[in-house]
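I am opening a notebook page for this chain. The entries follow the order in which I looked things up.

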Amino acid sequence: MKRSPARGRLSTVVGVVLLALMLFPVYWMVNASLQPAGNVLRAGWFPLHPDFGGYATAVRDQGRNLVTSLIVALGSVVLSLGLAVPAAYALARLRPRGTAAVLFGVLVTQMVPGIAVANALYGAYTDLGLLNSYGGLILADSTTGVPFAILVLRASMRSVPGEIIDAARVDGAGRLRVLWSVVLPLSRNALITAGLFTFLFAWSDFLFALTLNTTGSVRPVTVGVYEYLGAHTNQWNAVMATAVLASVPAAALLVAAQRHVAAGITEVRPAGLGVRPAGRVHARDAGCRRRRSTPRSVSAS
């Protein structure tokens, strides 16, 4: 049943209005960042005479914080994937005893309030000397990235056909070689998805950054923006410029990886399974086809 043209136009108008409402804060953030220092409420709707002084102030005051956030986010991605990949492979392909209990524990960790984790880590970090350190923030942010990455990667690795893994094992590949050369390439979309969301978790973290830092030596950009804010601030252009600069890496990664993210979340089978595996699997399949194509009269004789 075809939709009427009027109904289609109405849906388009509603979609455009909703999109405009969602993007308006982003537009106002960019607009306010290009205004002179002062009350942002007096800013015009369009920056007819853009002033980049806010960006100069943001780079001067928050440049180091942006680098700190980048180091922490990348470190969290490396640590989270380094722990989640072998764990997800073991849960998906080796299937040890207690797999259901382990997965339930992973899900439970996602339900624990962040403030409870931050308070517990603060006490442990005080004894271990990890307060005000890059390693402490990377480890704290990984507590969010590791469970998410395990769930995403396990779902993808389970869909890898066992015949491909068996063929690699017959060719002499060990478990690590199978994981590195067979399973991970076929789980590329899920790997990119897990890494991207882990980066976003760490990049936007505020709770751990505020709780686990008592000095200004290691200060992510989220805490830097928070310290800009106050009851009598007149640097709203610098605040908004910092927000724009902090949004650029996340937006760029989302745009660059959107195809892999959509495939990693929605696909049933990982990319690349349409390519027939080489070697013995191909020969075996060909032999099966030959046997099936043999006439019954010949086989009976």
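Entry 1. Which residues does S142 touch, not counting residues up to four places away in sequence? I worked on a predicted model throughout. I found S76, L79, S80 and P147 on the list for S142. I placed S142 in helix α5. I then looked up its cover: S142 has a relative accessible area of 4%. Buried means under 20% on this scale, so S142 counts as buried.

Entry 2. I turned to the overall make-up of the chain. I counted 13 helices and zero strands in the secondary structure. Read from the N terminus, the elements are therefore α at every position, since the run is α-α-α-α-α-α-α-α-α-α-α-α-α. I noted 301 residues in the protein chain, of which 38% are buried. For contacts between residues at least 6 apart in sequence, I recorded that 76% join residues at least 24 apart. I put the exposed area of the chain at about 17,900 Å², with carbon and sulfur atoms supplying 66% of it.

Entry 3. I looked for the largest nonpolar core and found 40 residues in it. Which members touch the most other members? I listed L153, M157, V178, L179 and V183. I then asked which elements give two or more residues to this core. They are α2 (53-94), α5 (134-158), α6 (162-170), α7 (175-186), α8 (188-203) and α11 (236-266). The largest share comes from α2, with 10 residues.

Entry 4. I took L153 from that core for a closer look. Leaving aside neighbours within four places in sequence, I found L153 in contact with A84, V85, A88, A190 and L191. I also logged a second, separate core of 11 residues. V72, Y125, A140 and V218 are among the members of this second core.

Entry 5. I moved to the surface and looked for a nonpolar patch. I found one formed by L10, V13, V14, V17, L18, L19, L21, M22, L23, V26 and V30. Together these residues have about 1,000 Å² of accessible area. I picked V17 from the patch and placed V17 in helix α1 (residues 5-33). Is V17 buried, partly exposed or exposed? I read a relative accessible area of 44% for V17, which makes it partly exposed.

Entry 6. How many salt bridges does a search of the whole structure find? I got two. In one of them the side chains of R60 and D61 meet, at 3.5 Å from N to O. R60 counts as exposed, because its relative accessibility is 59%. D61 has a relative accessible area of 34%, so I entered D61 as partly exposed. In the other bridge the side chains of E227 and R219 meet, at 3.1 Å from N to O. I entered E227 as partly exposed because its relative accessibility is 46%. R219 is partly exposed too, with a relative accessible area of 25%.

Entry 7. I checked one backbone angle last. Where is N132 placed? I found N132 in the loop between α4 (114-128) and α5. I read its phi as near 60 degrees, a positive value in a residue other than glycine.

Key. Residues are numbered from 1 along each chain as its sequence is written. This is a predicted model: local features need pLDDT of at least 70, side-chain atom pairs count only at pLDDT 80 or more; totals for chains, interfaces and linings use all residues. Side-chain values use heavy atoms; hydrogens and water are left out. A nonpolar core is a set of buried Ala, Val, Leu, Ile, Met, Phe, Trp, Tyr and Cys residues joined through side-chain atoms within 4.5 Å. Buried means under 20% relative accessible area, exposed over 50%, partly exposed in between (1.4 Å probe, protein chains only). Helices (H or I, at least four residues) and strands (E, at least two) are DSSP runs, numbered from the N terminus. Contact means heavy atoms within 4.5 Å. Patches are made of residues with over 30% relative accessible area and no salt bridge: like charges are joined within 9 Å, nonpolar side chains (Val, Leu, Ile, Met, Phe, Trp, Tyr) within 5 Å. Accessible areas come from the Shrake-Rupley method with a 1.4 Å probe; for residues, only the protein chains shown count as cover. A salt bridge is a side-chain nitrogen of Lys or Arg within 4 Å of a carboxyl oxygen of Asp or Glu.
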